[in-house]
Amino acid sequence: MENSNCSPFHVSPETEKFLCERLLDQSQPISERFRALFSLRNLRGSAPRSALIQATRDKSNLLAHEAAFALGQMQDAEAIPALEAILYDYSLHPIVRHEAAEALGAIGLECNVPLLTNSLVSDPAQEVRETCELALSRIEELKNTSISDSSPFLSVDPAAPAASSSIQELREVLLNEDRSMYERYAALFALRNLGEDDAVFAIVESLGSNSALLRHEVAYVLGQLQNQKASDALSQVLQDKNEHPMVRHEAAEALGSIADSQCVALLEEFTKDPEPIVAQSCEVALSMLEFERSGKSFEYLFMQAPPAQQVSH
């Protein structure tokens, strides 16, 4: 999952067409397709929405899940029927269906409650059921308290940060397997927003949680924080072949955000991982880092026409 929730901006019709085609062009390297995806999530309208919806059925589960995530971050109600179809399509990878459920929660409309409730009861994948639980709690809280989506990390989070300001109290909730998933997520985001080293250490501890869903969100949050003190723990996650791919993938992206020499060497090694979700995550993370170090944007931002050298890679 990548941060978004940026204000939409306008590009030329030619650029919009280029981005949609680049996203869906399976002959392009995965990093180029992600560049298009990260650009399209900042646009609005039927063409970007349609391209992202098509991408949710891509043979790359990494790209497909990121497209579903983007639709949620855009909070586009027009995408609800497509997200419902993804959630109920058991032929799709659980990482994609989980992201569809999270997106329905991010959109936050009452009409999504029956869709999520059905899956909460009947879905065969634990990570999807837990995501539905989270999404339902978020929609309920939206009704009662008006959650603010103005996250300091520019993301529409699956839970509002907990009110407690005590790191120890938040740590206890986050590590308590008997607390609801929503409460633990709320503690996680509160610790993230505090951001100090003790908060980071508490977050790292929760990488031992029983829930793969929570562990993947923990890795995502550590990537948002970009705190080098988390790199050893994230490296262990990436190297653990028995860990859920959704957790390893988030660890890879987080290591790309931290980006010290040890992290980069590990990402280069795991571009050859037999799990495509992990290998592609490492490839995308390294590409993003290369753009950042060259002072360029990974996204095709503010591009008004597709330059010739970018049309054919």
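Which residues in H8 meet Met181, Tyr182 and Tyr185 in H10? The legends below address this and related views of the predicted model.

**View 1. Contact of H8 with H10.** From H8, the residues Glu130, Glu133, Leu134, Ser137, Arg138 and Glu141 meet Met181, Tyr182 and Tyr185 of H10. By class, the residues of this contact comprise four nonpolar, one polar and four charged.

**View 2. Packing geometry of H8 and H10.** The axes of H8 and H10 lie 9 Å apart, and the two helices pack at an angle of about 75 degrees. Because angles of 65 to 115 degrees count as roughly perpendicular, H8 and H10 are roughly perpendicular to each other.

**View 3. Helix H10 and its surroundings.** Helix H10 covers residues 181–194, and its end C-alpha atoms are 20 Å apart, in agreement with the 20 Å that its 14 residues should span at 1.5 Å a residue. Eleven of these 14 residues are buried, so H10 is largely enclosed by the rest of the structure. Among the buried residues are Arg184, Leu188, Phe189, Leu191 and Arg192, as are Met181, Tyr182 and Tyr185. The cover over the buried residues of H10 includes helices H8 (126–145), H9 (167–175), H11 (197–205) and H12 (212–225). Glycine 195 follows H10 and has a positive phi, near 75 degrees.

**View 4. Leucine 222 in the largest nonpolar core.** The largest nonpolar core holds 103 residues, of which Leu23, Leu83, Leu116, Leu222, Leu234 and Leu238 touch the most other members. Setting aside neighbours within four places in sequence, leucine 222 is in contact with Val200, Ile203, Val204, Leu207, Asn227, Ala230, Leu234 and Ala254.

Key:
Residues are numbered from 1 along each chain as its sequence is written. This is a predicted model: local features need pLDDT of at least 70, side-chain atom pairs count only at pLDDT 80 or more; totals for chains, interfaces and linings use all residues. Side-chain values use heavy atoms; hydrogens and water are left out. Helices (H or I, at least four residues) and strands (E, at least two) are DSSP runs, numbered from the N terminus. The expected span of a helix is 1.5 Å times one less than its number of residues. Buried means under 20% relative accessible area, exposed over 50%, partly exposed in between (1.4 Å probe, protein chains only). Contact means heavy atoms within 4.5 Å. Axes are lines fitted to C-alpha atoms, for helices over the stretch in contact, and angles run from 0 to 180 degrees between N-to-C directions. Angles under 35 degrees count as roughly parallel, over 145 as roughly antiparallel, 65 to 115 as roughly perpendicular and the rest as oblique. Ala, Val, Leu, Ile, Met, Phe, Trp, Tyr, Cys and Pro count as nonpolar, Asp, Glu, Lys and Arg as charged, and the others, Gly among them, as polar. A nonpolar core is a set of buried Ala, Val, Leu, Ile, Met, Phe, Trp, Tyr and Cys residues joined through side-chain atoms within 4.5 Å.
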